[in-house]
Each structure stands twice: as structure tokens, then as C-alpha cells.
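Please look over the fold, then one helix and its surroundings. A short report follows the display.

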Amino acid sequence: MEKLKGQFAPSKPAEHFLLGLLAVDHLKLRLEVMLFVIEFPITERSVRRNCDDVMNACRIIQSSESFRNFLQLVLKVGNKLNEGRAIGGAVAFDTNILPKLIDIPSSQPRVSLLHFLVQQLTETGPAALQFLDDLEPALEIARIPLGQMKAEVLTAREKFAQLLEEILEAPVDVQKVLQKLMQGMKARLNAVTNAVMEASHRTQALAIYLVEDPGTFLIHEYIEMLNSFLHSVRGIQSFSSRHNSVSSSTPHENSPSNLHSSPLMKDPRTASVFLSLRNELQNSLAFHQLNQADS
């Protein structure tokens, strides 16, 4: 349009408008500032919402005592089954293996270590599997990678700094107009940056709580893992419920719902560890319930 200016007479309103814009001083800078002022609040709301989701997911996972008890149970079972081996006596384990518990088989089809754990916890009492309900809200949030949020905020900060430099090079009258448009943007940028930093710190704290590497721990991937694991547990519950309703009148000696018929219980190592751990877990839950009643 700049090249054509003066070479033709505009006949349409749009052409008059475009030619009029060419007369505006520092048009490109003005448009970029206006675009930033319009678009940044959208990024700000999205990042803040996602940061809140991350922090809520961390809080949900860390506050579930039932989940903590389950992780302790898995650790004890692993150590007992690996007694006398180099990997025995562990003080922690990679919780990302939880979905793989269903892949540890027995001699009986469709019965795994996870089946047996769920069975024992079900018999202990409903509080033992409370983590299924505790963690459910976390599965619908924290889906956006924290790294993506950091990148969005960094891009906004770089654009803001670039625009400020260009504004300072503009004439004083243009500076006043554009600085007024940008008023308050720096404070909002700092606030959303702090929100991302806080979400990052909460994620690192969760990683430490789970004995994971804070440098590589990704909350959105952990949520996906939990979703897979909880789906498996609920599937086992559903199967056991259907199986029990069918076999209650005619129990079968190989029924997975029968404590002493499970192939895992026929292994002396497995039988002793689960029986002792079940008693320990019952005492722990009873103690916890007593404390709750007193408080």
C-alpha cells in the first residue's frame, strides 16, 4: 500500500482506512503493543489455571494417607520377596512401576501380584483402598506439561522486553501513549511468573516425597501413570465383585477371591509376608481410626 500511495484514488471504505493507517506514526509498533495487551491476558488466565491444577494435584497426592500406606505395603512386599538378593532391603522404589504390578503373574491365569494386593486390602477394610477416591480428582487436572507453561511465560516476557526497547526509541508523544497501554503489564507478568515458579517448587516437593528425581519428574506423566494404575485396580475390584456374586453359592477351590486358594499364598515366602503385612496394616488402620475419633 505504501508503494501504491499516490498512484491511485481509493474508492472503497477499506482502501481509505488502509491509506489512513499509513499516516499513523510508528504504526507497526502500535499494532504490536495493542496485540500484546489483548493476547497476554489470555495466556495469563490459561497459565494460572494450569498452575493451580498442578498445585492441587500435588496436594491431593501428598495428602492421601491411604496412598502412602499402599506404597509402604508395596515396598515391604518387594523387600520380603527379594530377601537375600542384592535388591532386597530397599528404602524406596520407583512408583512408576505401579501399573506393572498387574504384569507380575502367578501360576493361575488372570491372578497377578496386584490382584492379590487388592484382595488383601479389600479384606482389611474400605479405608485401605481409600486412595482410589482420594486420587480420582487429580486424574482430571495437571494435563498440561509444566515446561509448556514456562515456555509460554518466557515468550511473553521476551516480547514484553522487546516492545519496551522499541517504545523507548520512539518519539516522546508515542512513548507516552504506548507506555500507558503497557501500564500494569510488568506486574502481571511477574505475578504469573511467580505462579509458575511456585507450581514448579510444589512439583519438586512432590518428587522428593515420592523419592523421585526432582530434575526429571514430570507431573503430567505421573498423573497419566496414576490413571493407568487406578484403572487396573478398579478393574480388579469389578472383576472380584462379579466373581464373588457368581461363586458365593458354589465356591471354587481355585477362586481368586479365596485367600488360601491363591497360588501366591501357596508360596511360603508370599504367604508369610502377606499374612504378617495384613495384620500390620489392620493394626495401623485401627490406630489411625482411633486417632481420628479422638481428634
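In what order do the elements of the protein chain run from the N terminus on?

## Overall fold

The order is α-α-α-α-α-α-α-α-α-α-α, read from the N terminus. The model is predicted. Its protein chain comes to 11 helices and zero strands.

The protein chain has 295 residues, and 39% of them count as buried. Contacts reach across the sequence. Take those between residues at least 6 apart: 76% of them join residues at least 24 apart. The exposed area of the protein chain is about 17000 Å². Carbon and sulfur atoms supply 56% of that area.

## Helix 7: two faces

Which residues of helix 7 are buried? They are Val174, Gln175 and Leu178. Seen down the axis of helix 7, these buried residues fall within an arc of 100°, so they line one face of the helix. The partners of this buried set are helix 2 and helix 6 (146-168), against which it packs.

The face turned away from the buried side of helix 7 looks outward. Val172, Lys176 and Lys180 are the exposed residues carried there.

## A nonpolar patch shared by two helices

Which residues make the nonpolar surface patch? Leu31, Met34, Val177 and Leu181 do, over about 330 Å². Helix 2 (27-63) supplies at least two residues of the patch, and so does helix 7 (172-181). These two helices are also in packing contact, through the buried residues of helix 7.

Met34 has its place in helix 2. Is Met34 buried, partly exposed or exposed? Met34 counts as partly exposed, because its relative accessibility is 43%. Partly exposed spans the range between the buried limit, under 20%, and the exposed limit, over 50%.

## Cysteines and disulfides

How many disulfides does the structure hold? The count is zero. A disulfide is a covalent bond that links the sulfur atoms of two cysteines.

Two cysteines can be placed by their accessibility. Cys51 counts as buried because its relative accessibility is 0%. Cys58 has a relative accessible area of 1%, so Cys58 is buried too.

## In brief

The chain is built from 11 helices, with zero strands. Helix 7 turns Val174, Gln175 and Leu178 inward as buried residues. Val177 and Leu181 join Leu31 and Met34 in the nonpolar surface patch.

Notes:
Residues numbered from 1 in each chain as written. Predicted model: local features only at pLDDT ≥ 70, side-chain atom pairs only at ≥ 80, totals over all residues. Heavy atoms only, no water. Patch = residues over 30% accessible without salt bridge, like charges linked within 9 Å, V, L, I, M, F, W, Y side chains within 5 Å. Areas by Shrake-Rupley, 256 points an atom, 1.4 Å probe, with all protein chains shown as cover. Salt bridge = Lys/Arg side-chain N within 4 Å of Asp/Glu carboxyl O. Helix = DSSP H or I, 4+ residues; strand = E, 2+ residues; numbered from the N terminus. Buried < 20%, exposed > 50% of the residue type's maximum accessible area, 1.4 Å probe, protein only. Disulfide = S-S within 2.5 Å. Arc of directions from axis to C-beta. Contact = heavy atoms within 4.5 Å.
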